[in-house]
Amino acid sequence: MPRSLALGAYLAMAGLGGRGPEPEPPRPEGPLVWIHADGPNRMAPLLALAEGLGPEIATLLTLPRRAELPPVAGRVILRHAPTEGRATVEAFLGHWRPDLLLWAGGGLRPALVARARMPRLLVDGAPEPQLLARGSGWPGLARAVVPLFERALVAGDAAAERLIRAGLPEERLEIAGPLDAPAPVLPCNERERRDLAQTVAARPVWLAADLPMSELPAVVAAQRVASRGAHRLLLILAPRHAEDEPAMARALTEAGLRVAQRAEGAEPEDGTQVYLADGTSEMGMWLRLAPLAFWGGTLPGGSGGRPPFEAAALGSALLHGPATAPHAEAWTRLDTAGAARLVRNGAELGRAVEALLAADKVAAMAHAGWDVATQGAEVANRVADLIRTRLAESSRPEPLAEPPALALQAGA
């Protein structure tokens, strides 16, 4: 592809500055995939992707220079990306000799991408209107850089349209979900789950998971509201801190609710209204028993809760408050898919529990949540397949041309 005037001018200007090459650790033997992420928030899914490539493929993961470099394990090397200066980029590429570049996120670096003359893939590459991290004011530069990628996986039509406007041929685009780390599947003692399921039998059950003491009044109010339409309703309550259990038991009893404490060996008998778990250590079992879960720590003033995909991956419909950090993106996706519902106080929580006790409603939410929670793993598998295929194609030797003398003899 002929180089555009905009890219040529940018490379010439970028080559005038920049710091000198930095010392680098040794390059590992064998194939090396270079993954660049536009920020540390993408590290979890990218590290999971690197692990999924297998032990025979090493990974160089780079972050912007402003980012801290946490420790990593396995065949992953974590480094800062070089500056745009020509000497720095060429020293970096000459030392590492990557076999493939996977660029994750926006913030494309024109000099780095242009000089990386190897197979280039883009994933989650157009989440923001500004595609370039450098040179965004140069007319035509984005249209010179974006087509350098031979394949792009993007989440949604808006991102795809942005890349098409930037010059990427439509046949190189693939619509996929965001790249996520696989949702954790929390463990469970199956024998105890089966015994508790028999004890609970056909009673409607909901879970208040990872509940801080500050949100107990709202959950008590919700249990009272929801119980008006479901008299045998059982609340499983898993305190965020196991040491809060005695105080919670007292508060629940004073509120007029009949409580059974797991820490004391009690079981949820027919008259039990609240089954108080011993902290969050058995969360996998509670999520398997309760089809509907309220995620603690998310009501106004809360500090946020656990990753919601923990519940979605086990088929739980979810209720949550507005305090969704640090998992706001996951909650937005679950809300949009109809897998989760926002509540703002105890009364709203109670009405939501009452409305969602119908099996068909909670099942539809749970199915939608499972789709969202597993979508990221499917995208990771697709990206891994693309990487392996492209590496195999790059390592395949070119067919040898027949020597002219032999060709003459064959035709004689």
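Okay, a definition before anything else: a charged patch here is built from residues with over 30% relative accessible area and no salt bridge, with like charges joined within 9 Å. Keep that in your heads for a minute. And a caveat, since you'll ask: this is a predicted model.

So, with that definition, what turns up? A negative surface patch, made by Asp 157, Glu 161, Glu 170 and Glu 171. Let me pick out one of those. Glu 161 sits in helix 6, which runs over residues 157–165, and with a relative accessible area of 38% Glu 161 is partly exposed.

Now let's zoom out. The protein chain has 15 helices and 14 strands. Its radius of gyration comes to 27 Å, well over the 22 Å the globule rule gives for 412 residues, so the chain is more spread out than a compact globule. If you prefer box dimensions, the C-alpha trace spans about 95 × 55 × 40 Å along its principal axes. And buried residues account for 51% of the 412.

On to the salt bridges. Side chains of opposite charge can pair when their charged atoms come close. How many salt bridges do we count in this model? It's 18, and I'll walk you through a few.

Start with Arg 42, which pairs with Asp 38, with the closest N and O atoms 2.7 Å apart. Is Arg 42 buried or exposed? Buried: its relative accessible area is 16%, and the cut-off for buried is under 20%.

Next, Glu 84 and Arg 109, where the closest N and O atoms are 3.1 Å apart. Both of these are loop residues: Glu 84 is between strand 3 and helix 3, and Arg 109 is between strand 4 and helix 4, so the pair ties together parts that are 25 residues apart in sequence. Glu 84 and Arg 109 are both buried, too.

Then there's Arg 382 with Glu 174, at 2.8 Å from N to O. Arg 382 is in helix 14, residues 359–395, and Glu 174 is in strand 7, residues 173–175, so this pair ties together parts 208 residues apart in sequence. The two ends are covered to differing degrees: Arg 382 is partly exposed at 30% relative accessibility, while Glu 174 is buried at 18%. And back to Arg 42 for a second, because salt bridges that share partners join Asp 38, Arg 42 and Asp 124 into one network.

Another contact along the chain, this time in terms of backbone. Leu 276 belongs to strand 11, residues 274–276, and Leu 276 is buried, at 0% relative accessibility. Its C-alpha is 6.3 Å from that of Ala 238, and the two residues are 38 apart along the chain.

Last bit: backbone geometry you may want to look at yourselves. Where is the cis peptide bond I have in mind? Between Ala 325 and Pro 326, with omega about 5°. Pro 326 is in the loop between strand 13 and helix 12.

Then two residues that aren't glycine and still have positive phi. Arg 97 has a phi of about 45°, and you'll find Arg 97 in the loop between helix 3 and strand 4. For Ala 201, phi is near 55°. Ala 201 is in the loop between helix 7 and strand 8, and it's exposed, with a relative accessible area of 55%.

That's my tour. Over to you.

Technical notes: Residues are numbered from 1 along each chain as its sequence is written. This is a predicted model: local features need pLDDT of at least 70, side-chain atom pairs count only at pLDDT 80 or more; totals for chains, interfaces and linings use all residues. Side-chain values use heavy atoms; hydrogens and water are left out. Patches are made of residues with over 30% relative accessible area and no salt bridge: like charges are joined within 9 Å, nonpolar side chains (Val, Leu, Ile, Met, Phe, Trp, Tyr) within 5 Å. Accessible areas come from the Shrake-Rupley method with a 1.4 Å probe; for residues, only the protein chains shown count as cover. A salt bridge is a side-chain nitrogen of Lys or Arg within 4 Å of a carboxyl oxygen of Asp or Glu. Lys and Arg count as positive and Asp and Glu as negative; His and the chain ends are not counted. The place of a charge is taken as NZ of Lys, CZ of Arg, CG of Asp or CD of Glu. Helices (H or I, at least four residues) and strands (E, at least two) are DSSP runs, numbered from the N terminus. Buried means under 20% relative accessible area, exposed over 50%, partly exposed in between (1.4 Å probe, protein chains only). The radius of gyration is taken over C-alpha atoms; the globule rule is 2.2 Å times the number of residues to the power 0.38.
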